[in-house]
Amino acid sequence: LVVDDDADSREVAARLLEGTGAQVLTASGAQEGLTLLRTRRPDVLIADIGMPGMDGYALIKAVRQLATHEGADTPAAAMTALAREEDRRRALDAGYLAHLAKPVSRDALVAIVSRLHQPPRPA
């Protein structure tokens, strides 16, 4: 699930991931992303930080407060133009497991999603 209010950034990220065979959901804002996360249960969440209204920090806080069966433990990465070390630390402290600086390369995005994706365990 890629959540970004910037249509170009959202679509580039989706195309990069789809090019590797991933099935990608997109959302143009945090509220839409939260709804998709709860109903579609994606394997990984990639979210922009600087979105109007509910920003990426509020989004990850809301995700982490969900029940486990609703997606609280969904692996998540921040993908943002906020690229200073303190921005990276703030994203990780907020609940993201990784931080990607925009513009993100295909290799970096695919590597982070691959690292965060946890295949289902056999029952």
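In this predicted model, the largest pocket has a lining of 18 residues, and L1, A22, Q23, D43 and V44 are the ones nearest its centre. The space inside the largest pocket comes to about 420 Å³. Helix α5, spanning residues 106-116, supplies the largest share of that lining, with 3 residues. Sorted by class, the lining of the largest pocket breaks down into 11 nonpolar, 4 polar and 3 charged residues.

Next comes the second largest pocket, at a volume of about 210 Å³. Its lining is made up of R41, P42, D43, D73, T74, P75, H117 and Q118. Split by class, the second largest pocket is lined by 2 nonpolar, 3 polar and 3 charged residues. D43 turns up in both places: it is among the residues nearest the centre of the largest pocket, and it also belongs to the lining of the second largest pocket.

Away from the pockets, a look at the rings and at one acidic side chain rounds out the picture. The count of aromatic pairs is 0. Y57 does have a charge over its face, though: R90 sits there, 3.8 Å from the ring centre. Y57 is also one of the contacts of D87, a residue of helix α4 (residues 85-94). With neighbours within four places in sequence set aside, D87 touches Y57, L82 and H99. D87 counts as buried because its relative accessibility is 9%, and the cut-off for buried is under 20%.

Notes: Residues numbered from 1 in each chain as written. Predicted model: local features only at pLDDT ≥ 70, side-chain atom pairs only at ≥ 80, totals over all residues. Heavy atoms only, no water. 1 Å grid on protein atoms, 1.4 Å probe; cavity = no way out; pocket = protein on both sides within 12 Å on 5 of 7 lines; lining within 4 Å. Points joined across faces, edges and corners; volume = space filled by probe spheres on them. Helix = DSSP H or I, 4+ residues; strand = E, 2+ residues; numbered from the N terminus. Nonpolar A, V, L, I, M, F, W, Y, C, P; charged D, E, K, R; others polar. Phe/Tyr/Trp six-rings, centres within 6.5 Å; stacked < 30°, edge-to-face > 60°. Lys NZ or Arg CZ within 6 Å of the ring centre and 35° of its normal. Buried < 20%, exposed > 50% of the residue type's maximum accessible area, 1.4 Å probe, protein only. Contact = heavy atoms within 4.5 Å.
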